[in-house]
Amino acid sequence: MALLQCDGTPPKVLRMQRTWNMALGVFVAAILAIANSPPRRVCHVQNIPPADLPRDRNAAQSSRPLPIDGADDRIVRATVSGPEFATSSLFVGTEDPTHSRAKRLREEYRLDDVVNGETSEFRKMLKLRHWVHSRWHIDNDQNFNGDVFSILEKAKAGAGFNCTHAMKVQHAVLTVTGFVVRDLGVQCNTEEFPDAFHHGVNEVWANEYAKWVLMDGEYDFHFERDGQPLSALEVHESVREGGGRGIVKVQGPDRLIASMKGPGFPFTSVNGYWWTSYHVRQNSFTQPIGNESRLVIFDNQAFRQTTWLRKRGDNVLRKHWAYDAKAFLPTADRRQIDWTPGVPQLQVRQTAATELEVRMTSVTPNLKSTSVRINDGDWQTLIDSLLA
């Protein structure tokens, strides 16, 4: 949100919402017009958190200068608040929540009932994660390789499953209920934990925090620092740089603090994120046939100066298979990993003494609509990306 205040003129608040799938994002505000402001008036935009988001969860609403092309001297200061736009050229594939497989999963397993009555988007995610966790008992020796429907059917018959299955099912469940989700492979430091524990988890884009949040579907937890949920990359950097100090593990929909040395240790603790990689292909549920096996990895000091080792079928530690296969896609640009679904990029140009033209672009999977509202007026759906 933002407030445009020109001295001597009423403030104008522009709220923006972008809808995709069944999820809703409320993001950056923009200036619409300068209302007859005389020369040298100071115009600024001040962040106003959305009414439906708790203020303490709005950490990503950073304020920064807003460039305006062709601005005359009446505009001496302009800022915008909200998460910053980032795009990525590394990931491929987009899930389609209207696909027949998605419709079948949502209806057959009554997933709408799992989140019925819940108003918080983030708690919906936690309830869906808990639902996945509750489908079966953990069996880390299970090697079944079926699809999501086969896993859930075998679970009804009493079969247990491991992290790979939980990652696959949670990916599907979050997708069909309207969220943007991706898969990760993470691992402990083999010098400290020579059994080389490897683990599969997901991340989901959380609008309430405007960031990617790690979700462990097998053990029903995520990590937080100072009440803010963390991404896998944040955990990875923290454990590499300071042993994960200040991070807590929280479990279940009620976010209860859990012991790092609980079930599944060490790969269910911060130690499990010594290594972190991201599956390139992101549409593995609605397009299950595919052989894209490359892995995005952050090209930081950890990747450049140490070697990722894994145990294979013969129980011998060797270099991660992606080295020889040349399957790692290292990127030193963090924004390539932390790309921002639903967050608009604003291009502003002054077109007249009292008018600004605002163009909005974004990387939003399955974008349905963009709407704006000024002050307490009605929501208006934009016909295209031009707002003038």
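Let me begin with a definition: a residue counts as buried when its relative accessible area is under 20%. I should also say at once that what we have in front of us is a predicted model, and I will take one residue, one sheet and two helices in turn.

With that cut-off in mind, consider R101, whose relative accessible area is 17%, so this arginine is classed as buried. R101 belongs to helix 1, which covers residues 100–108, and a polar atom of the R101 side chain lies 2.9 Å from the backbone oxygen of F285. If we set aside the neighbours within four places in sequence, the contacts of R101 are D147, F149, F285, T286 and P288, and F285 therefore appears both in that contact list and, with its backbone oxygen, in the 2.9 Å pair, given that a polar contact is a pair of N or O atoms within 3.5 Å.

Staying with helix 1, let me turn to its packing against helix 5. The two axes come within 9 Å and cross at roughly 95°, which means that helix 1 is roughly perpendicular to helix 5. On the helix 1 side the residues involved are A102, L105 and R106, and these meet A172, V173 and V176 of helix 5; by class, the residues of this contact comprise five nonpolar, one charged and no polar.

Helix 5, residues 163–176, in turn brings us to the sheet, since this helix lies across strand 8 (181–187), strand 9, strand 10 and strand 15 (275–279), and runs at about 15° to strand 9. The sheet itself is open and has six strands in the order 10-9-8-15-16-19, with mixed pairing. Strand 10 (211–215) and strand 19 (328–331) stand at the edges, and because each has a single partner strand, one side of each is left without a neighbour in the sheet. From one strand to the next, the twist averages 35°. At the strand 10 edge, the pairing with strand 9 (residues 198–206) is antiparallel and extends over five bridges, and within this region A206 stands opposite K211 of strand 10.

Finally, a word on helix 6, residues 232–242, which is mostly covered, with eight of its eleven residues buried. The buried residues are A232, L233, V235, H236, E237, S238, V239 and G242, a list that includes the charged residue E237. Just after helix 6 comes G243, which takes a positive phi of about 70°.

Technical notes
Residues are numbered from 1 along each chain as its sequence is written. This is a predicted model: local features need pLDDT of at least 70, side-chain atom pairs count only at pLDDT 80 or more; totals for chains, interfaces and linings use all residues. Side-chain values use heavy atoms; hydrogens and water are left out. Helices (H or I, at least four residues) and strands (E, at least two) are DSSP runs, numbered from the N terminus. Buried means under 20% relative accessible area, exposed over 50%, partly exposed in between (1.4 Å probe, protein chains only). A polar contact is a pair of N or O atoms within 3.5 Å; within protein, one must be able to donate a hydrogen and the other to accept it, and residues adjacent in sequence count only if both atoms are side-chain atoms. Contact means heavy atoms within 4.5 Å. Two strands pair if DSSP finds at least two bridges between them. Axes are lines fitted to C-alpha atoms, for helices over the stretch in contact, and angles run from 0 to 180 degrees between N-to-C directions. Angles under 35 degrees count as roughly parallel, over 145 as roughly antiparallel, 65 to 115 as roughly perpendicular and the rest as oblique.
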